[in-house]
Amino acid sequence: MKVLVATQKPFAAVAVKGIREILENAGYEVVLLEKYASEAELISACADADAMIIRSDKVTPEVIEAAGKLKIVVRAGAGYDNVDLEAASRKGVVVMNTPGQNSNAVAELAIAMMIFISRTQFTPATGSEVKGKRLGVQAYGNVGRLVGEKAKALGMEISALDPFLTDEQILAAGAQPVHSVEELYSSSDFLSIHIPALPSTIKSIGYDLVSRMPKGAVLVNTARKEVIDEEGLMKALEERPDLKYVTDVMPDNYAAMQEKFGLRVFATPKKMGAQTAEANINAGLAAARQIVDFFTTGNRKFQVNK
Ligand code: 3PG
């Protein structure tokens, strides 16, 4: 049994070691493909793989087609918009994620980004504090709740919108429930985005929502760049010199944004929300365990292409 660990953005060495131990103890062969430069490299590496562990690596129909022996792909992380689920299902390949395993790292980064942009990117210009400000959390799942919890400790007031949760569940998880996206944006000094990239959410955050935000508001995106309508966002930032945007997912128009908006915008050069040793260990080892469990007991608990 061959397991390909294909990570364009490698796991920390300590996580790779742990992944190897779990898989080799189960008698599997582990092949590591890190920092590969093209899909062709992935296609040739997956040809004889029975299982794959990936991160944001793109598993296209071409990859699925080339991996003739593939039975399972585990995305070590939360979002699986990088995997073509239909192509996988057509070939009977099980796709799983490892929900919650890297959430704390992403939540810590969201908080760090709020402070970084509020303190004018650590330049001496006068900034503002997060204490006493209203934080809106768009989707109160694993990451959103942790952002809420940490923000509360900083003295922020938390409200959340999540169509999959009842008001009682949101209240029990420490936030005030909000019932429309318009209401959330209108009432948040900081807005932290935690929605997945789906046909219904792609480009869903643009001029209309951003321009509703209160004076001096900050939009924080540690989710996916695809959920932003960049043209609309730029129009809002242009009209409202008080608004700021900070993101862990480099916008397509970042150069233009920097030129126009200076210290009001910031993007990490490469997505780094989940890039901690702890998150790599949690998600990577969970992925390895899920593969062993799948082959030994048939457990499909975290399958996402049902
Ligand atoms: C996720 O969906 O889990 C995060 O976006 C992290 O992605 P990464 O593993 O590519 O850093």
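Start by selecting arginine 240, which in this predicted model sits in the loop between helix 10 and strand 11. Although it lies in a loop, arginine 240 is buried, since its relative accessible area is 18% and the cut-off for burial is under 20%. Display its side chain and follow it to the backbone oxygen of serine 211, which it reaches at 3.1 Å. If you then show the contacts of arginine 240 while leaving aside its neighbours within four places in sequence, you will find Ser211, Met213, Pro214, Lys215, Gly216 and Arg264.

From there, step back along the chain to helix 10, residues 230–239, and colour its buried positions, which are Glu230, Gly232, Leu233, Met234, Ala236 and Leu237. As a reminder when looking down such an element, an α-helix has 3.6 residues a turn, so residues three or four places apart point the same way. Which elements do the buried residues of helix 10 pack against? Select helix 9 (207–210), strand 10 (218–221), strand 11 (244–247), helix 11 (254–261) and strand 12 (265–267), and you will have the partners of those buried residues on screen.

Now keep helix 10 and helix 11 visible. Two packed helices are described by the angle between their axes and the distance between the axes. Here, helix 10 and helix 11 pack at an angle of about 5°, and their axes are 11 Å apart. Because of that angle, helix 10 counts as roughly parallel to helix 11. To see the contact itself, show Glu230, Leu233, Met234, Leu237 and Glu238 from helix 10, together with Ala256, Met257, Lys260 and Phe261 from helix 11, which they meet. Sorted by class, this contact of helix 10 with helix 11 has 6 nonpolar and 3 charged residues, and no polar ones.

Move next to the ligand and select the residues that surround it, namely Lys9, Arg55, Ser56, Arg75, Gly77, Ala78, Gly79, Asn102, Arg224, Lys271 and Ala274. Three side chains in this group deserve a distance label. For lysine 9, an N or O atom of the side chain is 2.7 Å from an oxygen atom of the ligand. For asparagine 102, an N or O atom of the side chain is 2.9 Å from an oxygen atom of the ligand. For lysine 271, a polar side-chain atom lies 2.7 Å from an oxygen atom of the ligand.

Stay with the ligand's surroundings and centre on alanine 274, which is one of the residues around the ligand and lies in the loop between strand 12 and helix 12 (277–297). Is alanine 274 buried or exposed? With a relative accessible area of 19%, alanine 274 is buried. Not counting residues up to four places away in sequence, alanine 274 touches Arg55, Asn102, Ala105, Val106, Ala279 and Asn280, and of these Arg55 and Asn102 are also listed around the ligand. A C-alpha to C-alpha line from alanine 274 to alanine 107 spans 9.1 Å in space, while 167 residues separate the pair in sequence.

Two backbone positions come next. Most residues other than glycine have a negative phi. Alanine 139, in the loop between strand 6 (134–138) and helix 6 (142–153), has a positive phi of about 90° although it is not a glycine. Alanine 139 counts as buried, at 13% relative accessibility. Lysine 203, in the loop between strand 9 (190–193) and helix 9, likewise has a positive phi, of about 60°, without being a glycine. Lysine 203, however, counts as exposed, at 56% relative accessibility.

Continue to lysine 133, in the loop between helix 5 (103–118) and strand 6, where a relative accessibility of 26% makes this residue partly exposed. Apart from neighbours within four places in sequence, lysine 133 is in contact with Gly155, Met156, Glu157, Asp189 and Phe190. Drawing a line from its C-alpha atom to that of lysine 69, which is 64 residues apart along the chain, gives a separation of 53 Å.

End at valine 63, placed in helix 3 (residues 61–66) and counted as buried at 0% relative accessibility. Beyond residues up to four places away in sequence, valine 63 touches Glu39, Leu42, Ile43, Cys46 and Lys58. For a last distance, valine 63 and alanine 45 are 18 residues apart in sequence, and 9.7 Å lies between their C-alpha atoms.

Key: Residues are numbered from 1 along each chain as its sequence is written. This is a predicted model: local features need pLDDT of at least 70, side-chain atom pairs count only at pLDDT 80 or more; totals for chains, interfaces and linings use all residues. Side-chain values use heavy atoms; hydrogens and water are left out. Buried means under 20% relative accessible area, exposed over 50%, partly exposed in between (1.4 Å probe, protein chains only). Helices (H or I, at least four residues) and strands (E, at least two) are DSSP runs, numbered from the N terminus. Contact means heavy atoms within 4.5 Å. Axes are lines fitted to C-alpha atoms, for helices over the stretch in contact, and angles run from 0 to 180 degrees between N-to-C directions. Angles under 35 degrees count as roughly parallel, over 145 as roughly antiparallel, 65 to 115 as roughly perpendicular and the rest as oblique. Ala, Val, Leu, Ile, Met, Phe, Trp, Tyr, Cys and Pro count as nonpolar, Asp, Glu, Lys and Arg as charged, and the others, Gly among them, as polar. A residue is near a molecule or strand if one of its heavy atoms lies within 4 Å of it. A polar contact is a pair of N or O atoms within 3.5 Å; within protein, one must be able to donate a hydrogen and the other to accept it, and residues adjacent in sequence count only if both atoms are side-chain atoms.
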